[in-house]
Amino acid sequence: MPTTGVAGTIGQESPGIKGKAGKALSPAWRGRDWRNSRGSAGFRALCAVALGPRPGPARGRVVRANASWPSHDSDLRHDAAAMPGPTSPPRSVRALVVAGSARVESNVAAIVALASKTLAAAGAEVRCTDLAVLLPPVFVHGDARQTALPAVQSIRRDAAWADTLLLVTPEYHGNMSGALKNWFDFLYPELAEKLAAAVAVTGGGGGDMSLTAVERSVSWCHGFCLPYRAAAKDSDFDATGLIDRRVSDRIERIAYDLVRYVGPLRASWAAAQREGSGVAAGVAGLHLSDEAQ
Ligand SMILES: Cc1cc2nc3c(=O)[nH]c(=O)nc-3n(C[C@H](O)[C@H](O)[C@H](O)COP(=O)(O)O)c2cc1C
């Protein structure tokens, strides 16, 4: 059973975890093996969601970087099962929720919990990358030693695994957090063709600048963003979490949309790659490996 990031793949029993403010969690909140997590029990519990059974062995192919931008040492472009062929059996959508705050007890964590629960309810297999627990180093371009770090490997492995991503950032100085931008810097090929949405947590602002920053970075990594976004400000929370129903409703709708719209996008990308590397394949053709052509 692969584990990734802080929160890892979730879906097994993790007894005795209390939610924020010491509130007992409902049985629907089930965590996996949290032994390696340094996050607070509250955060880990907030991330725990019930998941369906894992799909069978991965099919498909690992695609090597062949585009003009430098690839990572592993050259891992997509998870092996991320590109279903015409005869591939259907599998559940893989959703990654990224907690873009370096602060453990954060409002971001409450959004991550809500988004994770909703993505699972929409039928997705969910993982969380918690940057407050991973605390990766600042990205150094070309530093091969960083490639071997567990935090870096976890970041890249989870991003490659995902079909769709929900990126939650605190708004810092009219921008995404440094933690989330640093997460982006460790990635590039892993985000190509992925469908993403951004949610911001702010002190009181509308979050537009941080949301735009996140969406721009997704685009620059050849990912696609939903045209929907959400932001929650400080006053939308109390000790139990997010209490503004309009904001939570919006986030839940976005989570369902991520699962709904990723299918056609993934299928289109796979169809484009079957064209080969010529212009008819569009930019997808640039992402083919030499051996896949
Ligand atoms: C360095 C810093 C910069 C911030 N800049 C903004 C900002 O530009 N706009 C805003 O509305 N809130 C701003 N805030 C407030 C945070 O967005 C807010 O406290 C948010 O809840 C932080 O997320 P967290 O609770 O997950 O840590 C800033 C906070 C910090 C620490």
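This is a short dialogue on reading a predicted model.

Biologist: What should I know before reading this model?

Modeller: It is predicted: local features need pLDDT of at least 70, side-chain atom pairs count only at pLDDT 80 or more, and totals for chains, interfaces and linings use all residues. Residues are numbered from 1 along each chain as its sequence is written.

Biologist: What is the mean pLDDT of the protein?

Modeller: pLDDT is the predictor's confidence in each residue, from 0 to 100. Here the mean is 77, and 68% of residues reach 70 or more. Over residues 1-87 the pLDDT is below 50. Where pLDDT is low, the predicted coordinates should not be read in detail.

Biologist: Which residues come nearest the ligand?

Modeller: A residue is near if its C-beta atom, placed from the backbone, lies within 6 Å of the molecule. There are 16 around the ligand, and Ser-106, Pro-170, Thr-202, Gly-203 and Gly-205 come nearest. α2 (107-121) and β5 (195-202) each supply at least two residues of this shell. Helices (H or I, at least four residues) and strands (E, at least two) are DSSP runs, numbered from the N terminus.

Biologist: Which residues touch the most other members of the largest nonpolar core?

Modeller: In soluble globular proteins, nonpolar side chains tend to be buried together. A nonpolar core is a set of buried Ala, Val, Leu, Ile, Met, Phe, Trp, Tyr and Cys residues joined through C-beta atoms within 7 Å. Buried means 20 or more other C-beta atoms within 10 Å of the residue's own, with C-beta atoms placed from the backbone. The largest core has 64 residues; Val-97, Leu-166 and Val-168 touch the most other members. α2 gives the most to this core, with ten residues.

Notes. Contact = placed C-beta atoms within 7 Å. Buried ≥ 20, exposed ≤ 12 C-beta atoms within 10 Å, placed from the backbone.
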